[in-house]
Amino acid sequence: MGELWIVLAVSCGLAFLSEKYTLAWKGQSSRTLNNGIVLLLIVYLSIFAGLRTGYNDTFTYMSSYETMAAFPDILTGFSWKPGDNPGFILLNSLMKAAGFSAQSFVLFYSSLFVVSTVTFLKRYSSNFTLSIFLFVCAHGYLFSLAAMKQCTSIAIGLAAIPYALNHKWIRFAAIVLLAATYILLFLLIPILRFKPWSGGTWLLLALTVIAGLTLPNIVETIVNTAALLGDGYNAEEFIGEGVNVFRVLVASVPVLLTFLLKRRVSRSSAADNVFINLSFLYACIMFVGLFGTANYFGRLANYFSIFPAIVLPMILKKLSARDRRFLTVSMVACYLVYFYYGNAINENFAQEFSRITVWNYLGL
């Protein structure tokens, strides 16, 4: 997984330069240079993800794109069911008609996801470097190498959140509905504005435990809900090998830290409360996944995987300087172990991942 270590180091280095305004003109920090470094970070992460030729479902996506009909031929027998991803299919057919190669298709969606997530972290994180570290190391970036449709929905959903934070509910709902997938869970945001560890938190956790322990009995309800979106799941797909316990524990870190620091967290802003509760939802779905299938619940949880990358730096900021340094070092060390475990032990990233160079892509 040598390439991943390089990605982690380069991305964190660029984020640090951006955050600290290291480059200056005549002794003054330059916002232009700062934004230029962020742009360089976006380009770097987009190219690494976008020039892949193999990893998880990448080959399937590329093969499907190569064999699909271009617009307007795609409209013959076209399905408008939300579960059939009509927007995704239409956009792909337009790209096909415009002459996009299969590699350009992958690069486009990788760039869309990276632009959305990196700018979101830059806007809302209190420690951009640590957030990028968490994003690459554990919370989101590698998911984009596997789930193109889902990550496109995440990009759309993140674009809607600023409207929710400003109480512009109609615009917020309109953008989320545009994605028309399980990102519709973002529509829960209006009721996730309660203070952490208030009655709302305990209710959420209680419902999570009940859902996990009674999952076999409520599978039919889940299947029927999926059917409303046009997804043809069956009960057997929800019961099987559950989510890795290690993943659940990592997802639960914000829950544990906010519990230990309830008094300080209770003074968080309204926006921070939303981010905390969304990170709780991430952990809750992972917990239910212990009793279901990793493929379904793990991917569903990943719609919310970016929020711990905002919440954890926010929690650290509330600590004293000495405690913050100690916990930051401990957190980085633990996440590096998780990064190694996930990509070298639990699965072999180096064997699964393949890509072309920029020169190959440009035909040079």
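**Entry 1: helix H14.** I began with helix H14 and found that 17 of its 20 residues are buried, so the rest of the structure largely encloses this helix. I note here that the model is a predicted one. I then checked the length of H14, which covers residues 270–289. At 1.5 Å a residue, its 20 residues should span 28 Å, and the end C-alpha atoms lie 29 Å apart, which agrees.

**Entry 2: a charged patch.** I next looked up the positive surface patch. Which residues form it? I recorded Lys317, Arg322, Arg324 and Arg325. Helix H17, residues 321–345, gives the most to this patch, with three residues. I examined one of the patch residues, Arg324, which is found in helix H17. Arg324 has a relative accessible area of 31% and is therefore partly exposed, since that class runs between 20% and 50%. Patch membership requires over 30% relative accessible area, and the 31% of Arg324 satisfies this cut-off.

**Entry 3: backbone exceptions.** I turned to backbone geometry, with the usual case in mind: most residues other than glycine have a negative phi, and most peptide bonds are trans. Which peptide bond did I find to be cis? The bond from Phe71 to Pro72 is cis, with omega near 5°. Pro72 is found in the loop between helix H3 (58–67) and helix H4 (86–97).

I then recorded positive phi values. Asn56 is not a glycine, yet its phi is positive, at about 55°. This residue is found in the loop that lies between strand E3 (52–54) and H3. With a relative accessible area of 44%, Asn56 is partly exposed.

His167, also a residue other than glycine, has a positive phi near 60°. I located His167 in the loop between helix H7 (148–165) and helix H8 (169–179). Is His167 buried, partly exposed or exposed? Its relative accessible area is 47%, so I entered His167 as partly exposed.

**Entry 4: Ala174 and Ala160.** I followed the chain into helix H8, where Ala174 has its place. Ala174 counts as partly exposed, at 46% relative accessibility. I also looked up its separation from Ala160, which is 14 residues away along the chain. How far apart are the C-alpha atoms of Ala174 and Ala160? They are separated by 8.4 Å.

Note on methods: Residues numbered from 1 in each chain as written. Predicted model: local features only at pLDDT ≥ 70, side-chain atom pairs only at ≥ 80, totals over all residues. Heavy atoms only, no water. Patch = residues over 30% accessible without salt bridge, like charges linked within 9 Å, V, L, I, M, F, W, Y side chains within 5 Å. Areas by Shrake-Rupley, 256 points an atom, 1.4 Å probe, with all protein chains shown as cover. Salt bridge = Lys/Arg side-chain N within 4 Å of Asp/Glu carboxyl O. Lys, Arg positive; Asp, Glu negative; His and termini not counted. Charge placed at Lys NZ, Arg CZ, Asp CG, Glu CD. Helix = DSSP H or I, 4+ residues; strand = E, 2+ residues; numbered from the N terminus. Buried < 20%, exposed > 50% of the residue type's maximum accessible area, 1.4 Å probe, protein only. Expected span 1.5 Å × (residues − 1).
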